[in-house]
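Have the sequence and the 3D view open side by side for this one. We'll go through the fold piece by piece, and you can look up each residue as it comes along.

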Amino acid sequence: MRKLVTLLLAGLACAMCWLPLARSQQPVVPGSTSAGGSGASQAFVPFSATNPLNVVDQPYPSGATAITGNAQGTTGAVVGTLAAAAGKTTYICGLHIDATGSGSIGPVTVAGVVGSSFIFQGSAAAANNGVPVVNFTPCIPASAPNTAITTTTTADGTATAVDVNTWGYQK
């Protein structure tokens, strides 16, 4: 509700900036006190550090709990897990996988999500061996409540470090 009120106020403030334009066909210049050519005085106060526009960006829904599922390893498969919670649905919002070595850590499988698993290919090049940051917008839910979401790499016998980082929330 608060976000809706904030958006409505922002829209009203923006609409009020154009009222003088409709009357005089000339815009109000931020910081000025009159609409050009009309002679009418306006009490225009631009947004600033002392008069901010109150807009809050919330990355997760109200009542959600942020979670991460991070893991590291070397030559074996590495699994990052966004844990399950009784009576709640787990959501994955993004992932990043990085590795050192000359082999490939792909395919990388994200399992437990609604529909079917996601499959990503890790690069075989030693200089870029991984999966870049992937953001899911909107976040992807698990296939059912109380279900974990796992992100699993393929074993790389040449790896000296494999990092799996996932993030999301439960609600």
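## The nonpolar core

In this predicted model, the largest nonpolar core has 21 residues, and Ile92, Leu95 and Phe120 are the ones that touch the most other members. Strand 4, strand 5 (108–111), strand 7 and strand 9 each chip in at least two residues of this core. If you wonder about the general idea, nonpolar side chains tend to be buried together in soluble globular proteins.

Take a closer look at Phe120. Which residues is Phe120 in contact with, once you skip its neighbours within four places in sequence? The list runs Leu95, Gly106, Pro107, Val108, Val110, Val131, Val134 and Phe136. Keep Pro107, Val110 and Phe136 in mind from that list, as they'll turn up again below.

## A sheet of four strands

Now find the open sheet: four strands in the order 3-8-5-6, with antiparallel pairing. Strand 3 (79–82) and strand 6 are at the edges with a single partner strand each, so one side of each has no neighbour in the sheet. On average, neighbouring strands here are turned by 10 degrees against each other, if you ignore direction.

Inside the sheet, strand 5 pairs with strand 8 (residues 149–152) in the antiparallel sense, over three bridges. Here's Val110 again: its bridge partner in strand 8 is Thr151.

## One disulfide

How many disulfides does the structure hold? Just one. Cys93 and Cys139 form it, with their sulfur atoms 2.1 Å apart. The torsion about the S-S bond of Cys93 and Cys139 is about 110 degrees, so this disulfide is right-handed.

The pair links distant parts of the chain: Cys93 belongs to strand 4 (residues 90–100) and Cys139 to strand 7 (residues 129–141), and they are 46 residues apart. Are these two cysteines buried or exposed? Cys93 is buried, and Cys139 is too.

## Rings that pair up

A pair of aromatic rings is described with two values, the distance of the centres and the angle of the planes. The count here comes to four aromatic pairs. In one of them, Tyr91 and Tyr169 have ring centres 4.5 Å apart and planes at 10 degrees, so they are stacked. Tyr91 sits in strand 4 and Tyr169 in strand 9, so the pair ties together parts that are 78 residues apart in sequence. Tyr91 is partly exposed, with a relative accessible area of 21%, while Tyr169 is buried at 8%. Why does Tyr91 count as partly exposed? Its relative accessible area is 21%, and buried means under 20%. Ring pairs also bring in Tyr60, linking Tyr60, Tyr91 and Tyr169 into a cluster.

Next come Phe118 and Phe136, whose ring centres are 5.3 Å apart with planes at 15 degrees, so this pair is stacked. Phe118 lies in strand 6 (residues 118–120) and Phe136 in strand 7, so the pair ties together parts 18 residues apart in sequence. Phe118 is partly exposed, with a relative accessible area of 26%, whereas Phe136 counts as buried at 11%.

While you're at strand 9 (residues 161–170), check out Trp167, which has its place there. At 24% relative accessibility, Trp167 counts as partly exposed. Trp167 and Ala66 are 101 residues apart in sequence, and their C-alpha atoms are 7.6 Å apart in space.

## Some backbone oddities

Here's a bit of background: most peptide bonds are trans, and most residues other than glycine have a negative phi. So where does the backbone go its own way? A cis peptide bond joins Gly106 and Pro107, with omega about 5 degrees. You'll find Pro107 in the loop between strand 4 and strand 5. The peptide bond from Thr137 to Pro138 is cis as well, with omega near 5 degrees, and Pro138 is in strand 7.

Then there's Asn146, which isn't a glycine but has a positive phi, near 60 degrees. Look for Asn146 in the loop between strand 7 and strand 8. Asn146 is partly exposed, with a relative accessible area of 46%.

How values were computed:
Residues are numbered from 1 along each chain as its sequence is written. This is a predicted model: local features need pLDDT of at least 70, side-chain atom pairs count only at pLDDT 80 or more; totals for chains, interfaces and linings use all residues. Side-chain values use heavy atoms; hydrogens and water are left out. A disulfide is a pair of cysteine sulfur atoms within 2.5 Å. Buried means under 20% relative accessible area, exposed over 50%, partly exposed in between (1.4 Å probe, protein chains only). Rings of Phe, Tyr and Trp (its six-membered ring) pair if their centres lie within 6.5 Å; planes under 30 degrees apart count as stacked, over 60 as edge-to-face and the rest as tilted. A nonpolar core is a set of buried Ala, Val, Leu, Ile, Met, Phe, Trp, Tyr and Cys residues joined through side-chain atoms within 4.5 Å. Contact means heavy atoms within 4.5 Å. Two strands pair if DSSP finds at least two bridges between them. Axes are lines fitted to C-alpha atoms, for helices over the stretch in contact, and angles run from 0 to 180 degrees between N-to-C directions.
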